[in-house]
Amino acid sequence: MLILFGGVYIYDVIVIGTGAGGATVAKDLSLKSKKVLMLDRGCRQRNGTYVKHMKTKQIYLKNNLSDEDKQKYEFLTYPLDLTNIEEIGGTTTSSIGNACFSCSSCYSNSIMQQFEDKNLDIFEELLEASGELNVKYFPKKLWGHSTKLIADAGEELGYIVEPMPKFIDFEKCQFCGKCVNGCIFDAKWDSTYFVREALECGAVLIENFNVFEILHNDKKVIGVVGIDENNEKHIFKAKRVIVSAGSLNTPIILKNSGVENVGESIFFDIFTTIGGYLKDANLKNELMMGVKAEFGPYFLSPHYSMQLQPLMSKKGFVVDDKDIIGLMLKFADTCIGTIDEKGQIEKTLTKVDVDLIKEGYDKAVKILIKLGVDPQSIVATSLKGAHPGGTAAVGEVVDNNFESEINGLYVCDASVIPEAPGRPPILTIVAIAKKVAKIVNQSLKDDENEF
Ligand SMILES: Cc1cc2nc3c(=O)[nH]c(=O)nc-3n(C[C@H](O)[C@H](O)[C@H](O)COP(=O)(O)OP(=O)(O)OC[C@H]3O[C@@H](n4cnc5c(N)ncnc54)[C@H](O)[C@@H]3O)c2cc1C
Ligand code: SF4
């Protein structure tokens, strides 16, 4: 059945997706009394259950590893796990609450710098976003046992170890280490808060609605088409559509809609967790990634992964998970990779990438040994990607107003970031969304003034 809402435009704006980008733009436009329809292919989930809803795609990375590297850094030969969440709140629901101001003090090719090179300024919006998410540095007096050990060992080795900025209310936080599951103590911000605010301001949300195409005529948006939970096809009309379906889905919708140059330079902000045996470390049960040490294109931060225990068992270290300590190495990968209209990804691990991993891995191992980890027990997980982006980049697919070649079709999620930041992107995506909300609000006003 096809339901077409005649020639009448019921909504000012349709927003696809309720992740960091979609929820923010929907909330800001609803606060300006715009009629907003939010469509999401997922539904609401209970906090404490999000790990169950995580989607993982395995990607075989093309590479040119030497035999020596394959032996010493065996983890580089495994396929990469790419994760995201397609529910109300998108992937924010599983975040560890890390905020990053995307400035160039940590990494010269930060998002702010990438945008500045294109004469795009989101500084004001970044400050607004930071205020709304109540970003605070993780205070030293609250650091857990393993976080302190890692910070001390890092500093003794001459590295600068600093607290991580977080969008976590430390008065409510129980430091349980289960952020990835969704916080049951209401301490961590995720974008479901903004979805609720948008609804309170009159926005409409349709869950379990899978958008597959943006409709347009003469290069002007007229609506979207998709299917509901009963597999019935619907068309919703609006002159402005904001695609915020995340970097893995936005390119598919844009390609289906005839937008060009989409999905040509995907990045993941690749990471691995390096860990080993330390009696009673108990990192698993403290707030993860509480501190960080910055090294330009990469950083190191305390992190526990469920993969560490089985990997250590394989090496003969059968240990309790409370006796494991680890460090995440995350870096800005080269954007050599593509995603096609079916979501198939091809991605290369370049020599630059491999050299960064080797450098970061060696530093992490030094820190672990310094704090007392048995060197023989040290293992590294397969590579992972949790920040995909770059699939509808500013300057390639959208202009400085985040608008595509189709008039009224905007993109507002991690897809618009041109190159890997190697840093947590949520705060920046919220800032981008605040900018998009201002741009779309102004364009609606301009329309009104025409009459
Ligand atoms: C375990 C984990 C921890 C992380 N921790 C942090 C952290 O601490 N700090 C940080 O900054 N970043 C973190 N990240 C990364 C961060 O969560 C993501 O980069 C960010 O949330 C992406 O936001 P987005 O708006 O681009 O899209 P997404 O979060 O991918 O949202 C897309 C939305 O669109 C919907 N959708 C998709 N396709 C369709 C369709 N066809 N029709 C309708 N709806 C659709 C989805 O259901 C979803 O709601 C983490 C990621 C993971 C996996
Ligand atoms: S560590 Fe804090 S923010 Fe994270 S889930 Fe536990 S209580 Fe919530």
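**View 1. The shell around ligand 2 in this predicted model.** By class, this shell is made of 9 nonpolar, 3 polar and 2 charged residues. Altogether 14 residues surround ligand 2, and the ones that come nearest are Cys 173, Cys 176, Cys 179, Cys 183 and Lys 188. Try finding these five in the structure above.

**View 2. The residues around ligand 1.** Here the shell has 40 residues, and Gly 17, Gly 19, Gly 90, Gly 246 and Pro 424 come nearest to the ligand. Four elements each give two or more residues to this shell: helix H1 (20-31), strand E5 (80-85), strand E10 (210-217) and helix H10. Which element gives the largest share of the shell around ligand 1? That is H1, with 3 residues. Sorted by class, the shell around ligand 1 holds 14 nonpolar, 21 polar and 5 charged residues.

**View 3. An open sheet of 5 strands.** Follow the strands in the order E9-E3-E2-E13-E22, and you will find that the pairing is parallel. The edges are formed by strand E9 (204-206) and strand E22 (409-411), each of which pairs on one side only. On average, neighbouring strands in this sheet are turned by 20° against each other, ignoring direction. For a closer look at one pair, take strand E2 (residues 13-16) and strand E3 (residues 36-39): they run parallel and are joined by 4 bridges. One residue to look for is Ile 16, whose bridge partner in E3 is Leu 39.

**View 4. Helix H10 and the largest nonpolar core.** Helix H10 lies across E2, strand E13 (240-243) and E22, and runs at about 170° to E13. In soluble globular proteins, nonpolar side chains tend to be buried together. The largest nonpolar core in this model has 138 residues, and Ile 14 and Leu 329 have the most contacts inside it. Helix H10 (residues 426-450) gives the most to this core, contributing 10 residues. Leaving out residues up to four places away in sequence, Ile 14 touches Leu 37, Leu 39, Val 224, Phe 236, Ala 238 and Val 241.

**View 5. Val 225 and its surroundings.** You can find Val 225 in strand E11 (residues 220-227). Is Val 225 buried or exposed, or something in between? Val 225 is partly exposed, because 17 other C-beta atoms lie within 10 Å, and being buried would take 20 or more. Beyond its neighbours within four places in sequence, Val 225 is in contact with Phe 212, Glu 213, Leu 215, Lys 233 and Ile 235. Gly 390 is 165 residues away along the chain from Val 225, and their C-alpha atoms are separated by 24 Å.

Terms used:
Residues are numbered from 1 along each chain as its sequence is written. Chains are lettered from A and ligands numbered from 1 in the order in which they are written. This is a predicted model: local features need pLDDT of at least 70, side-chain atom pairs count only at pLDDT 80 or more; totals for chains, interfaces and linings use all residues. A residue is buried if 20 or more other C-beta atoms lie within 10 Å of its own, exposed if 12 or fewer, and partly exposed in between; C-beta atoms are placed from the backbone. Two residues are in contact if their C-beta atoms, placed from the backbone, lie within 7 Å. A residue is near a molecule or strand if its C-beta atom, placed from the backbone, lies within 6 Å of it. Ala, Val, Leu, Ile, Met, Phe, Trp, Tyr, Cys and Pro count as nonpolar, Asp, Glu, Lys and Arg as charged, and the others, Gly among them, as polar. A nonpolar core is a set of buried Ala, Val, Leu, Ile, Met, Phe, Trp, Tyr and Cys residues joined through C-beta atoms within 7 Å. Two strands pair if DSSP finds at least two bridges between them. Axes are lines fitted to C-alpha atoms, for helices over the stretch in contact, and angles run from 0 to 180 degrees between N-to-C directions.
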